[in-house]
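Here are some exercises to work through with the model open beside you. Try each task before you read its solution.

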Amino acid sequence: MVTLDTQNIDIHQDISQSWQEMVNLISEISQIPATLIMRTYPKEIEVFISSNTPHNPYRAKERERLGMGLYCESVITGKKLLTVNDATQDPHWSNNPDIKLGMIAYLGLPLSWPNGDVFGTICMLDSQPMQFDNPTKQLLTRFKLVVETDLKRVYQQAQLVQDNQRLIQQLHKKSFEFDQLQKQARLDAFERTYKDLKTDKVDSLSNDAVATLNQQHSL
């Protein structure tokens, strides 16, 4: 089975809409201004879905270069939960780019394709110091599982499409090879018929020549 390139798999519009409603709900329940679904690429990370909430500075389709020290980079690299209660008071995070947007509290989880490739993160950000309690973490974990279930379905559909395309290509190849064999068979049959006719003609001419000589000799 050929491995899928998950970087090139499109997320269907109906799933994107479902995720949009989901992040809106998370922010509404938790009263946190920004809930995001991020998608990672080899050199960039994209705000794939952003909650439609007041005071959310993130816009969908915005991209940032990796290697800048973003919260989400740590989640992707470590493939585990990251909690930052107040980045301004944490030397490890005090210079990260999200502080420029006023986002100093962060809770994020990794999102993965069913084959293990990293899709990105689902995360929550606040402009105020925040102690993320267990119910909030459980809420985000539950929606992480929903997103990964959708990713599994998208992956399986993409795998089916790829398998079908490969089968069609193989069918076309076999059909072409069969056509070539038929052409060769017809050509071989023509050559045999031609040789047979040529041989018969030579034999006929030889017999005629013998008969003529015999007639002349008898005279």
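**Exercise 1. List the residues that Ile11 touches, leaving out those up to four places away in sequence.**

Solution. Take a contact to be heavy atoms within 4.5 Å. With that cut-off, Ile11 touches Ser16, Trp19, Arg39 and Phe48, and also Trp113, Phe119, Leu151 and Val154, once residues up to four places away in sequence are set aside.

A word on the model before going on: it is predicted, so local features need pLDDT of at least 70 and side-chain atom pairs count only at pLDDT 80 or more, while totals for chains, interfaces and linings use all residues. Residues are numbered from 1 along each chain as its sequence is written, and side-chain values use heavy atoms, with hydrogens and water left out.

**Exercise 2. Place Ile11 in the largest nonpolar core, and find which element gives the largest share of that core.**

Solution. Start with the terms: a nonpolar core is a set of buried Ala, Val, Leu, Ile, Met, Phe, Trp, Tyr and Cys residues joined through side-chain atoms within 4.5 Å. Buried means under 20% relative accessible area, exposed over 50%, and partly exposed in between (1.4 Å probe, protein chains only).

Next, the members: the largest core has 29 residues, and Ile11 is listed with Trp19, Ile37, Phe119 and Ile122 as having the most contacts inside it. At least two residues of this core come from each of helix H1 (13-30), S2, strand S5 (105-112), S6 and helix H3 (134-218). H3 gives the largest share, eight residues. Apart from this core lies another, of 21 residues, including Ala34, Leu70, Tyr71 and Val75.

In general, nonpolar side chains tend to be buried together in soluble globular proteins.

**Exercise 3. Write down the order of helices and strands along the chain.**

Solution. Helices (H or I, at least four residues) and strands (E, at least two) are DSSP runs, numbered from the N terminus. The chain has three helices and six strands, and from the N terminus on they run α-β-β-β-α-β-β-β-α.

**Exercise 4. Is Ile49 buried or exposed, and how far is it from Trp19 in space?**

Solution. Ile49 belongs to strand S2. Its relative accessibility is 5%, so Ile49 counts as buried. Ile49 and Trp19 are 30 residues apart in sequence, yet 7.2 Å apart in space, C-alpha to C-alpha. The contacts of Ile49, not counting residues up to four places away in sequence, include Trp19, Val23 and Ile37.

**Exercise 5. Explain why Cys72 and Cys123 form no disulfide.**

Solution. A disulfide is a pair of cysteine sulfur atoms within 2.5 Å. For Cys72, the closest cysteine sulfur is that of Cys123, 3.9 Å away, which is too far for a bond. The structure holds zero disulfides. As for exposure, Cys72 is buried at 7% relative accessibility, and Cys123 is buried at 0%.

**Exercise 6. Describe the lining of the largest pocket by residue class.**

Solution. First, the classes: Ala, Val, Leu, Ile, Met, Phe, Trp, Tyr, Cys and Pro count as nonpolar, Asp, Glu, Lys and Arg as charged, and the others, Gly among them, as polar. The lining of the largest pocket then divides into 14 nonpolar, no polar and four charged residues.
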